[in-house]
Amino acid sequence: MPSILTPENLISTFGVFGILVVVFAESGLLIGFFLPGDSLLFTAGLLIADGTYLHQPLWLMCLLISVAAVAGDQFGYLFGRKVGPALFRRPNSRLFKQENLIRAEEFFAKYGPRSIVLARFVPIVRTFTPVVAGASQMHYRTFITYNLIGGVLWGSGVTLLGYFLGQVAFVKDHVELILLGIVVISIVPVAIELLRARGRGRREEAGHY
């Protein structure tokens with residue numbers, strides 16, 4: 001990704017405001033799927049523990065990040081509810097791919113309401129799932145309940161993980177390696193789903209012959 005979008009650069013340049021904008025965008029704006037959510041929150045926790053760039057209390061950061069995450073999903077849900085099925089007919093563009101939307105739809109169909117929580121920990125799917133929930137006319141009370149749970153677990157959980165691990169000498173000395181590991185772990189579920197989808201496509205294609 002561009003150097004300006006690396007977690008430490010985002011935080012050093014834009015501070016708390018930058019973190020909240022990224023969290024909001026990645027949670028519900030269709031163009032936010034490429035943003036570094038997991039690694040950004042982990043880095044935020046690290047920097048709070050280290051006292052670098054971020055000097056706000058840990059509890060306040062967790063609260064603000066959780067609110068931004070919940071608000072982002074809320075926006076995505078309302079957008080999906082308003083646009084509805086028309087979204088699935090939208091042509092591909094540089095920042096919008098139908099395959100991402102379809103992947104989120106399959107994830108939503110597989111896990112139901114729980115997908116609102118589970119998707120928080122799966123990049124790309126995280127961005128599109130609330131939109132799919134809205135387009136599917138998911139009951140609002142059910143959505144907001146799972147949205148609150150998922151937003152707090154992800155927003156506060158990953159930040160707290162970075163904070164406490166940030167006080168471990170090995171982690172502080174190998175920050176780039178740890179962040180790379182987070183990115184890899186985040187990508188694994190997406191890669192597995194892509195391989196499964198490709199396998200299903202081949203089996204279906206073979207079945208036509």
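Setting aside neighbours within four places in sequence, G28 is in contact (heavy atoms within 4.5 Å) with G72, F75, G76, T127 and V131. G28 lies in helix 1, where helices are DSSP runs of H or I with at least four residues, numbered from the N terminus. Its relative accessibility is 2%, so G28 counts as buried, the cut-off being under 20% relative accessible area with a 1.4 Å probe and protein chains only. The C-alpha atoms of G28 and P130 are 6.6 Å apart, although 102 residues separate the two along the chain.

A word on the source: this is a predicted model, in which local features need pLDDT of at least 70 and side-chain atom pairs count only at pLDDT 80 or more, while totals for chains, interfaces and linings use all residues. Residues are numbered from 1 along each chain as its sequence is written, and side-chain values use heavy atoms, without hydrogens and water.

Now to helix 7. This helix covers residues 140-165, 26 in number, and reaches 37 Å from first to last C-alpha, close to the 38 Å expected at 1.5 Å a residue, counted over one less than its number of residues. Among its buried residues are F143, N147, W154 and V158. The buried residues pack against helix 1 (7-28), helix 2 (37-50), helix 3 (58-83), helix 5 (115-118) and helix 6 (125-135).

An unreviewed UniProt entry lists residues 12-37, 57-80, 143-165 and 177-195 as "transmembrane region"; such annotations may be inferred rather than shown by experiment. Two of these spans look like this in the model:

| Span | Content | End C-alpha separation |
|---|---|---|
| Residues 57-80 | 96% helix, 0% strand | 35 Å |
| Residues 143-165 | 100% helix, 0% strand | 32 Å |

Key. Helix = DSSP H or I, 4+ residues; strand = E, 2+ residues; numbered from the N terminus. Buried < 20%, exposed > 50% of the residue type's maximum accessible area, 1.4 Å probe, protein only.
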